[in-house]
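Here is my note on the model, set out as numbered points for someone meeting a structure of this kind early in their studies. Please keep the structure in view while reading.

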Amino acid sequence: MVRGNRLFVAIIFIPVFYIIIRHSSPFVFFLFVSGSILIGQYEFYKFYYKETILPQIILGLSLGVFLSLSFYMRDRFSHGSIVTTIIV
């Protein structure tokens with residue numbers, strides 16, 4: 001049953017992903033990537049930490065979005081984004 005669900009999600013996700021990459025603005029792509037980062041990190045934290053450690057999870061999620069934001073803003077603030085990426 002799980003394989004069927006994954007296949008169904010992949011069949012829908014791949015064309016949507018292609019459309020987002022090919023036909024959308026960089027900001028929409030940034031939002032898509034940031035959302036994917038948040039979902040992936042949250043799933044990892046749910047799997048890895050059996051007990052809920054809310055402050056650390058919020059910090060980790062915000063740093064993940066902050067890192068993707070530094071890559072998105074690199075054209076506007078070239079030196080600041082490099083420093084931000086190194087710090088995070």
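**Notes on helix α2 and its partner**

1. E43 and K46 lie 3 residues apart in helix α2 (residues 26-48), which means that about one helical turn separates them. This is a predicted model, and in it the side chains of E43 and K46 meet in a salt bridge, with 3.8 Å from N to O. The count for the model comes to 1 salt bridge.

2. Are the two partners buried or exposed? Neither word quite fits, since E43 is partly exposed with a relative accessible area of 43%, and K46 also counts as partly exposed, at 46% relative accessibility.

3. Helix α2 as a whole has 23 residues and reaches 32 Å from its first C-alpha to its last, which is close to the 33 Å expected at 1.5 Å a residue. Its buried residues are F30, F32, S34, Q41 and Y45.

4. How is α2 placed against helix α3 (residues 54-72)? The two helices pack at an angle of about 155°, and their axes are 9 Å apart. Angles over 145 degrees count as roughly antiparallel, and α2 and α3 are therefore roughly antiparallel to each other. Their crossing is right-handed.

5. The contact between these helices can be followed residue by residue: on the α2 side the list includes F30, S34, Q41 and Y45, which are also among the buried residues of α2. On the α3 side, the residues met by α2 include I57, G60, L61, G64 and Y72.

Methods. Residues numbered from 1 in each chain as written. Predicted model: local features only at pLDDT ≥ 70, side-chain atom pairs only at ≥ 80, totals over all residues. Heavy atoms only, no water. Salt bridge = Lys/Arg side-chain N within 4 Å of Asp/Glu carboxyl O. Helix = DSSP H or I, 4+ residues; strand = E, 2+ residues; numbered from the N terminus. Buried < 20%, exposed > 50% of the residue type's maximum accessible area, 1.4 Å probe, protein only. Expected span 1.5 Å × (residues − 1). Axes fitted to C-alpha atoms, helices over the stretch in contact; angles between N-to-C directions. Parallel < 35°, antiparallel > 145°, perpendicular 65-115°, else oblique. Left-handed = near helix turned anticlockwise from the far one by under 90°. Contact = heavy atoms within 4.5 Å.
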